[in-house]
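User: Hi! I have a protein model open on my screen and would like to walk through it with you. Could you take my questions one at a time?

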Amino acid sequence: MEQSRLKASLRAFRHRNYRLFFAGQLTSLVGTWMQTVAQSWLVYRLTGSATLLGLVGFASQFPIMVLAPIAGSVADTYPRRRSMLAVQTAAMLLAFPLAALTLTNRIQVWHIMVLSVLLGIVNAFDVPVRQSFVAEMVGREDLINAIALNSSMMNGARVIGPAIAGIVVSAIGEGWCFLINGLSYLAVIVGLLFMTAGNQAPQEDYASHMEAIIEGFRFVLHTQPVRTLLMLLGVVSLMGMPYSVLMPIFADHVLNGGAKGLGVLMGFSGIGALLGAVTLAGRRGIRGLGTWVMFACAGFGTSLILFSLSRRFWLSAFLLVPVGFSMMVQLASSNTLIQSMVPDRLRGRVMAVYSMMFLGMAPFGALFAGLLANRLGAPLTVAIGGVVCIAGAVVFRSHLPRVRAEGRQLILAHMMAAGEPADNEAPNISS
């Protein structure tokens with residue numbers, strides 16, 4: 001029985017292309033998390049400013065809000081493996097100048113800001129292309145499992161990367177984290193070179209990219225379940241997610257943990273997120289995911305409030321486990337539901353809107369949190385974000401009965417179009 005359950009939890013690994021993708025991405029993401037933590041610490045070490053921490057977070061992610069619609073059109077127009085190769089190579093090339101400047105002690109905040117903007121431009125294309133490419137590698141029948149395994153991979157890296165970063169930064173400095181991140185991209189690039197999927201253009205050509213972009217937005221605006229999930233995600237990204245931007249302040253001033261403490265705190269958040277992803281990986285269908293989204297959002301807000309009240313390091317670290325768990329359950333459940341409701345030909349463009357609400361709103365949240373933390377302090381800023389997340393969950397609950405019927409119809413229609421049986425379990429998103 002346990003063996004059967006484990007096999008079901010890993011069923012996306014039946015696909016050779018996905019195995020190559022998973023191994024390369026896992027290696028690369030460990031490096032990415034090392035750079036994320038080291039860069040936050042570097043900015044804080046150079047400036048001691050919560051506002052500048054928020055500003056760097058803004059610089060790294062605001063291009064996603066601007067460029068995601070174009071990126072979604074690219075994901076639905078050009079071969080996705082080729083697009084992934086271009087994106088990953090560009091990200092690798094941006095890591096090396098950051099490493100060189102830091103290792104030679106010439107790094108300044110404006111260098112970090114410029115490189116963050118350039119990396120944000122690359123990431124704007126990464127999310128819709130990568131999400132669409134996963135669906136192409138495994139097909140609709142294993143998509144739910146692949147999304148959950150992707151989340152497990154990302155959060156496994158989120159546990160390992162910050163822990164290594166805390167040790168490396170304390171021992172030999174931030175620059176080595178940036179160098180390791182640059183080299184880690186080689187793993188995903190090599191994996192992509194050996195893949196056989198994603199070589200065909202995914203759809204017919206449009207008269208213009210603008211026409212394709214408008215069609216994607218029109219689908220989101222006129223599809224209530226998708227629109228409602230994305231609006232909640234935007235609220236959480238704006239008000240709740242910026243807690244991670246303020247983590248250096250908690251690690252140093254509030255909890256007196258220093259650089260190692262920052263790595264531990266981020267690692268514990270990653271453990272919680274990994275547990276959430278593993279929990280979802282064992283699911284066979286999408287029954288009840290709408291309710292999971294609601295409770296996860298409320299749990300995220302509650303956990304943030306409790307974390308903001310703690311002044312003991314290890315208590316704070318353990319409180320970040322439910323923070324990470326709740327955040328990941330909401331994100332992965334929302335992703336799964338949206339991808340289950342979207343037609344294949346629109347997948348890249350709809351996931352571009354997803355990235356706008358998830359990542360594109362984050363820089364505005366980071367900037368707002370940095371400014372607010374300077375006035376009110378980091379703990380109160382995080383607590384306010386938690387209250388807003390709870391309020392968002394309450395509003396989402398009031399809309400859930402109205403979106404259930406339409407969501408069920410969309411999922412059933414896509415299952416029938418794909419030649420799958422209309423399973424009574426799978427389409428129910430709410431109960």
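Analyst: Happy to help; the questions and answers below go from the whole chain down to single residues.

User: What kind of model is this, and how many helices and strands are in the chain?

Analyst: Please keep in mind that this is a predicted model. The chain has no strands to show, so its secondary structure elements are helices. The count is 16 helices and 0 strands.

User: How much of the chain counts as buried?

Analyst: The chain has 431 residues and exposes about 17100 Å², with carbon and sulfur atoms supplying 67% of that area. A residue is called buried under 20% relative accessible area. By that cut-off, the buried share of the residues is 61%.

User: Among contacts with a separation of 6 or more, what share comes from residues 24 or more positions apart?

Analyst: The contacts in question are those in the chain with a separation of 6 or more. Residues 24 or more positions apart account for a share of 87%.

User: Which residues touch the most other members of the largest nonpolar core?

Analyst: The largest nonpolar core holds 119 residues. A second, separate core has 7 residues, including I64, A124, V127 and L359. Back in the largest core, the residues that touch the most other members are Y18, Y243, M247, F250 and F300.

User: Which residues is M247 in contact with, leaving aside its neighbours within four places in sequence?

Analyst: M247 belongs to the group that touches the most other members of the largest core. In general, nonpolar side chains tend to be buried together in soluble globular proteins. With the sequence neighbours set aside, the contacts of M247 are L262, L265, M266, F307 and L320.

User: How many residues of α13 are buried?

Analyst: Helix α13 runs over residues 313-341 and reaches 42 Å from its first C-alpha to its last, close to the 42 Å expected at 1.5 Å a residue. This helix is mostly covered. Of its 29 residues, the number buried is 24.

User: Is Q88 buried or exposed?

Analyst: Q88 lies in helix α4, residues 80-103. Beyond residues up to four places away in sequence, Q88 touches Q25, S28, D126, Y185, V188, I189 and L192. Because its relative accessibility is 5%, Q88 counts as buried.

User: Which residues make the nonpolar surface patch of about 360 Å²?

Analyst: One member, I121, is found in helix α5, residues 109-138. I121 counts as partly exposed because its relative accessibility is 33%. Residues three or four places apart in an α-helix point the same way, because there are 3.6 residues a turn. The patch is made by W110, V114, L118 and I121.

User: Which residue forms a salt bridge with E174, and at what N to O distance?

Analyst: The structure holds 5 salt bridges. In this one, E174 in helix α7 is linked to a partner in helix α2, 129 residues apart. At 6% relative accessibility, E174 counts as buried. The partner is R45, at 2.9 Å.

User: Why does the R349 and D76 pair tie together distant parts of the sequence, and how many residues apart are they?

Analyst: The side chains of R349 and D76 meet in a salt bridge, 2.8 Å from N to O. R349 lies in helix α14 and D76 in the loop between α3 and α4, so the pair ties together separate parts of the sequence. Both ends are buried, R349 at 3% relative accessibility and D76 at 1%. Along the sequence, the two are apart by 273 residues.

User: Which residues are joined into one network by salt bridges that share partners?

Analyst: R349 also forms a salt bridge with E215, the closest N and O atoms being 3.2 Å apart. That pair links helix α14 to helix α8, 134 residues apart. E215 is buried too, with a relative accessible area of 17%. The network joins D76, R80, E215 and R349.

User: What is the phi of N105, and where is N105 found?

Analyst: N105 counts as exposed because its relative accessibility is 71%. Its phi is positive although N105 is not a glycine. The value is about 60°, and the location is the loop between α4 and α5.

Technical notes
Residues numbered from 1 in each chain as written. Predicted model: local features only at pLDDT ≥ 70, side-chain atom pairs only at ≥ 80, totals over all residues. Heavy atoms only, no water. Helix = DSSP H or I, 4+ residues; strand = E, 2+ residues; numbered from the N terminus. Expected span 1.5 Å × (residues − 1). Buried < 20%, exposed > 50% of the residue type's maximum accessible area, 1.4 Å probe, protein only. Patch = residues over 30% accessible without salt bridge, like charges linked within 9 Å, V, L, I, M, F, W, Y side chains within 5 Å. Areas by Shrake-Rupley, 256 points an atom, 1.4 Å probe, with all protein chains shown as cover. Salt bridge = Lys/Arg side-chain N within 4 Å of Asp/Glu carboxyl O. Core = buried A, V, L, I, M, F, W, Y, C linked by side-chain atoms within 4.5 Å. Contact = heavy atoms within 4.5 Å.
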